[in-house]
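Got the viewer open and a hand on the mouse? Let's walk through this one stop at a time, selecting as we go.

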Amino acid sequence: MKEPRSAYLHIPFCHRRCFYCDFPIVPLGDKARGEGAAGSKSIKSYLKLLFREISLAPQASPLSTVYIGGGTPSLLTPNQLGDLLQHLFDHFGLQDGAEVTVEVDPASFNEEDLREYLEIGITRLSLGAQSFDNEALSMLGRRHDSSQLFDSCQWIKKAYSQGNLFSWSLDLIQNLPKQNLFTWEQQLKKLLEISPPHLSIYDLSIEEGTVFAWRQSRGELNLPSDEFAADITSLTSSILQEAGYSRYEISNFALPGHTSRHNRVYWSGARWWGFGLGATSCPWGKRLERPKTRAAYEAWLLKQELEGIDKSLLPTNQSSIDLDELFLVGLRRREGINFEEMAIEWGWDQTHSNIFLKELENHWNGAIEKGWLKRQGKRFVLTDPVGMNVSNQVLVEMLLWWDSLPKSAVAQPSF
């Protein structure tokens, strides 16, 4: 079994919680950044916890991808990010040509920060834009405005064009309240004027406990209908494809050579380390999710130090990732999955593989007839844009199939 060669580090701090966000974060207020700022003490104490957790991990292969997400990692000073990365690299090592990504927010990021990011070994940035429209940004609860966003894009483009930054990505949210085809097309045109080499475009999701969930319960959110949302998503796929972007995963588009190597780790069933509040790791085949509050995370970390680290973090407890999970994440990719090959590698013999996968095909007959799913030899692939737009319906049928299998099959049998 391959060793983990990727690491995710969670920085939970934000100025404030956006209205759609249910991530594990710690809001620090508008004056949170820099030495002596209101949140600097909280940031420093959290980084000590993060250092301690990294030090507990068994030393393994050098890392080929690192992703620092949040939250708002750019609330940390470049020196703090540099110290964090150095601690990680000292513990694991870093492969030549590694992809090292940090998420940045236009409201807490400037050109000097970018220069220092490059000096500490950052090779890729992910810019949280969400929208180019000030009214939409305000509606989402974002702190930045379009002017700050465009400035950030220009600084990053300059570093990229000069060869100092290997790649960068920009995030947008589609299917917002009051959004229509014309306004969304204008957003995409602005996006293409900037032409980031990688794009993540997410559908707005209303999560329990958020401001948007409260507003929706009061009938205050004018969201696009499912049919209209599908039209918007199809427009996205069409315009970006024409501009040279490949939709290599349901929510991700890239120019040639700029897919996110780190994200593909998750979708391919590879292993990764995870560190920090709310982070999930899967270094040896079993997922481990850390507590999502500061106090609970600190208590969990102390227990790890006193009683020994969780068994899922030890290489002596290697196991296969559950087959249904491998199917779920793999089908999100442009290339889909060779289900027979994966099932046999996971532990089914040829006879049981043929029987069970035939049953899966029966569950998927409707999706195939509707053009949502296509079979290419022994590989199943979601069509673009139609299949990817309704991927949840295809995946639900797969889960129903999985739940119908005998217990001996889903427990990684040795037939």
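What follows is a tour by selection, from sheets to helices to side-chain pairs. Keep in mind that the model is predicted.

**Stop 1: the nine-stranded sheet**

Start with the strands of the open sheet, which run in the order β9-β10-β8-β7-β6-β5-β4-β1-β11. There are 9 of them, and the pairing is mixed. Which strands sit at the edges? Select β9 and β11 (273–275): each of these pairs on one side only. Ignoring direction, neighbouring strands here are turned by 20 degrees against each other on average.

Now zoom in on 94–104 and 124–130, which are β5 and β6. These two strands run parallel and are joined by 4 bridges. To see one such pairing, pick V102 in your viewer and look across to L125, its bridge partner in β6.

Next, bring in the helices. Select 40–56 to get α1, which packs on the sheet and touches β1 (6–11) and β11. The direction of α1 makes about 160 degrees with that of β1. Then select 181–194 for α6, which lies across β7 (167–174) and β8 (198–203). Against β7, α6 runs at about 175 degrees.

**Stop 2: T65**

Stay with this sheet and click T65, which is found in β4 (63–70). Is T65 buried or exposed? Buried: the relative accessible area is 2%. Show side chains and you'll find a polar contact of 2.6 Å between T65 and S6. Beyond its neighbours within four places in sequence, T65 also touches other residues, including E99, R261, H262 and V265.

**Stop 3: the three-stranded sheet**

Move on to the open sheet of 3 strands, ordered β14-β16-β15 and paired antiparallel. The edges are β14 (337–338) and β15 (373–376), each pairing on one side only. Helix α13 (350–369) packs on this sheet, where α13 touches β15 and β16. Its direction makes about 115 degrees with that of β15.

Select 379–382 for β16, which is joined to β14 by 2 antiparallel bridges. Within that pairing, N338 stands opposite R379. Keep N338 selected, as the next stop begins there.

**Stop 4: helix α12**

N338 caps the N-terminal end of α12, with a side-chain oxygen 3.3 Å from the backbone nitrogen of E340. Select 339–346 to show the helix, then colour F339, E340, M342, A343 and W346, which are buried. Why do they share a side of α12? Because they cover an arc of only 165 degrees around the axis. What do the buried residues of α12 pack against? Their partners are α11, β14, α13, β16, α15 (391–404) and α16 (407–410).

Spin the helix round to the face turned away from the buried side, and you'll meet the exposed residues E341 and E345. Then step past the end of α12 to G347, which has a positive phi near 150 degrees.

**Stop 5: salt bridges**

The count of salt bridges comes to 15. Here are three to pick out.

- Select E112 and R115: their closest N and O atoms are 2.3 Å apart. The two residues are 3 apart in α3 (111–119), so about one helical turn separates them. Both are partly exposed, E112 at 37% relative accessible area and R115 at 40%. Add E119 to the selection, and you have a network of salt bridges linking E112, R115 and E119.
- Select R332 and E249, with 2.4 Å between the closest N and O atoms. R332 lies in the loop between α11 (323–330) and β14, while E249 is in β9 (246–249), so the pair ties together parts that are 83 residues apart in sequence. R332 is partly exposed at 24% relative accessibility, whereas E249 is buried at 1%.
- Select R264 and E335, whose side chains meet at 2.5 Å, N to O. Here R264 sits in α9 (261–268) and E335 in the loop between α11 and β14, and the pair links parts of the chain 71 residues apart. Both count as partly exposed, R264 at 22% relative accessible area and E335 at 24%.

Technical notes: Residues are numbered from 1 along each chain as its sequence is written. This is a predicted model: local features need pLDDT of at least 70, side-chain atom pairs count only at pLDDT 80 or more; totals for chains, interfaces and linings use all residues. Side-chain values use heavy atoms; hydrogens and water are left out. Two strands pair if DSSP finds at least two bridges between them. Contact means heavy atoms within 4.5 Å. Axes are lines fitted to C-alpha atoms, for helices over the stretch in contact, and angles run from 0 to 180 degrees between N-to-C directions. A salt bridge is a side-chain nitrogen of Lys or Arg within 4 Å of a carboxyl oxygen of Asp or Glu. Buried means under 20% relative accessible area, exposed over 50%, partly exposed in between (1.4 Å probe, protein chains only). A polar contact is a pair of N or O atoms within 3.5 Å; within protein, one must be able to donate a hydrogen and the other to accept it, and residues adjacent in sequence count only if both atoms are side-chain atoms. The arc is that of the directions from the helix axis to the C-beta atoms.
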